[in-house]
Amino acid sequence: MRFVDEAVITVEAGDGGNGVASFRREKFVPFGGPDGGDGGRGGSIYIQADDDTSTLVDYRYTRRYRAERGKNGSGANCSGRGGEDVILKVPVGTTIVDTESGDIIGDLVADGQRVKVANGGDGGLGNTHFKSSTNRAPRKCTHGVKGEYREVRLELKVLADVGLLGMPNAGKSTFIRAVSAAKPKVADYPFTTMVPNLGVVDADRHRSFVMADIPGLIEGAAEGAGLGIRFLKHLARTRILLHIVDVQPIDGSDPAHNARAIFAELEKFSPTLAKLPVVLVLNKLDQLPEESKDEWCQHILDELQWKGPVFKTSGLMSEGTKEVVYYLMDQIEQQRERELEDPEYAAEVKAFREQLEAETREQTIAAKEAYRAMRKAQREAGLDDDEDFDDDEDEGGVESIYVRD
């Protein structure tokens, strides 16, 4: 199955049925009068969050959805049947945006949550509605109202409390395997993680949170290097960022330089996202000699001038991971409680989230447009041999599996 986290579709609600002009015709009733029925209402289109759906791939192949038209009215004051509604299932965490206005129509964050995206047209009126003492035989009736037509963009962002951040091969996937039941691919080469992975982390009985692992970033990601910034938007719904730093990179690079590069790419993508609380994790300590671990870790912290929370771990050996989990759980619970108890703080958080959503949406769209412009220039220059290239199908073009625990 292909992981698709964005799709543009058109939805068209059903038109209302027409009212009719009809007159009662019955033996021995010479003046039966008007009996034209109303037209039926057109079907509406809803989009509903569904836990059993994990990707928007279906909406990349079928992009137009239309609801049933209402039936016309008939004589004997019979109204037409209403059109069937259409319900489109999407993953939890999907945002629905009107492409023309840019307005957010709905944000589906709970299973079963539903929003109407196109309203069915009202049925027309039959001539019964137009009879009066001065017009006993009206021949007037009305047509049904056209259903709404709209183009919407579906944007999927994973729902997680904690987002993992770091260079490829920093040990993010190993870390999430160590603290949850998620089983993402782990290998000794970069970019083994190609799509977001979700894992439920249990701190204690009835205390848990969701952690998201996204593909690693490299220096220049904002300009398209590596997998670029395509998956950074999935961190927009998180509360805390967990920055995993490999203390002994396999390529011999400087860990402090790598960490600064990640912070710089995050700032380029979204200054608001860069303001989220960050916890630093110095990982792969099992690769350092015992006598030099503390000295080397302190050197990294000094180079970064880091003043925030920091933990030292070995994801492979599951050393130090429990301390990280308990700290994150405490921070998440404190944030939740404060939001419930302090309305002013809750309003600030809501405004921050809205700004973050807007920034990540704008940056993601800009990155896609830049990528498409680059591919178009390559084709025009004869540098692209792919004759079947489709701008909508190839967006950095990763064909992969979406893993959700």
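Select Ile47 first, then Leu88 in strand S4: the two are bridge partners. You are looking at a predicted model. Now widen the selection to strand S2 (45-49) and strand S4 (86-90). Five bridges join S2 to S4, and the two strands run parallel.

**The three-stranded sheet**

Add strand S7 (114-118) to the view. The strands now shown make up an open sheet in the order S4-S2-S7, and its pairing is mixed. Look at the two edges, S4 and S7: each of these strands pairs on one side only. Turn the sheet until you look along it. On average, neighbouring strands are turned by 30 degrees against each other, direction ignored. While the strands are on screen, look at the side chains too. In a regular strand the side chains alternate between the two faces of the sheet.

**The five-stranded sheet**

Next, select the strands S3, S1, S8, S5 and S6. In that order they form an open sheet of five strands, again with mixed pairing. Its edge strands are S3 (64-66) and S6 (104-108), each of which pairs on one side only. The average turn between neighbouring strands in this sheet is 25 degrees, direction ignored.

Stay with S5, residues 94-98, and its pairing with S8: the two are antiparallel and share five bridges. One pair to pick out is Val97 with its bridge partner Arg153 in S8. Keep Arg153 in mind, as the tour returns to this residue.

On to S6. Four bridges join S5 to S6, and these strands also run antiparallel. Select Ile96 and look across to S6, where Gly106 stands opposite. S5 and S6 form a hairpin, with five residues between the strands. In the turn, click on Gly102, which has a positive phi of about 80 degrees.

**Salt bridges**

Show the charged side chains next. The whole structure holds 24 salt bridges. Three of them are visited here.

Begin with Glu6 and Arg153, whose closest N and O atoms are 3.9 Å apart. How far apart in the chain are Glu6 and Arg153? They are 147 residues apart, with Glu6 in strand S1 (residues 6-12) and Arg153 in strand S8 (residues 149-156). Are these two side chains buried or exposed? Glu6 has a relative accessible area of 5%, so Glu6 is buried. Arg153, at 12% relative accessibility, counts as buried too. The cut-off for buried is under 20%.

Now go to Asp122 and Arg41, where the closest N and O atoms are 2.0 Å apart. Asp122 sits in the loop between S7 and S8, while Arg41 sits in the loop between S1 and S2, so this salt bridge ties together parts that are 81 residues apart in sequence. Asp122 is partly exposed, with a relative accessible area of 41%. Arg41 also counts as partly exposed, at 36% relative accessibility.

For the third pair, select Arg239 and Asp161, with closest N and O atoms 3.8 Å apart. Arg239 is in the loop between strand S11 (207-213) and strand S12 (240-246), and Asp161 is in the loop between S8 and strand S9 (162-165), so the pair joins parts that are 78 residues apart in sequence. Both Arg239 and Asp161 are buried.

Finally for this part, select Glu6, Asp107, Arg153, Glu155, Lys157, Arg237 and Glu357 together. Salt bridges with shared partners join these residues into one network.

**Two helices**

Hide the side chains and select helix H2 (residues 172-179) and helix H5 (residues 321-341). Their axes come within 10 Å and cross at roughly 80 degrees. An angle from 65 to 115 degrees counts as roughly perpendicular, so H2 is roughly perpendicular to H5.

Which residues make the contact? On H2, select Phe175, Ala178 and Val179; on H5, select Thr321, Val324 and Val325. Sorted by class, five residues in this contact are nonpolar, one is polar and none is charged.

**The whole chain**

Zoom out to show everything. The chain has six helices and 15 strands. Of its 405 residues, 48% count as buried. Among contacts between residues at least 6 apart in sequence, 75% join residues at least 24 apart. The salt bridge between Glu6 and Arg153, 147 residues apart, links distant parts of the chain.

Terms used:
Residues are numbered from 1 along each chain as its sequence is written. This is a predicted model: local features need pLDDT of at least 70, side-chain atom pairs count only at pLDDT 80 or more; totals for chains, interfaces and linings use all residues. Side-chain values use heavy atoms; hydrogens and water are left out. Axes are lines fitted to C-alpha atoms, for helices over the stretch in contact, and angles run from 0 to 180 degrees between N-to-C directions. Angles under 35 degrees count as roughly parallel, over 145 as roughly antiparallel, 65 to 115 as roughly perpendicular and the rest as oblique. Contact means heavy atoms within 4.5 Å. Ala, Val, Leu, Ile, Met, Phe, Trp, Tyr, Cys and Pro count as nonpolar, Asp, Glu, Lys and Arg as charged, and the others, Gly among them, as polar. A salt bridge is a side-chain nitrogen of Lys or Arg within 4 Å of a carboxyl oxygen of Asp or Glu. Buried means under 20% relative accessible area, exposed over 50%, partly exposed in between (1.4 Å probe, protein chains only). Two strands pair if DSSP finds at least two bridges between them.
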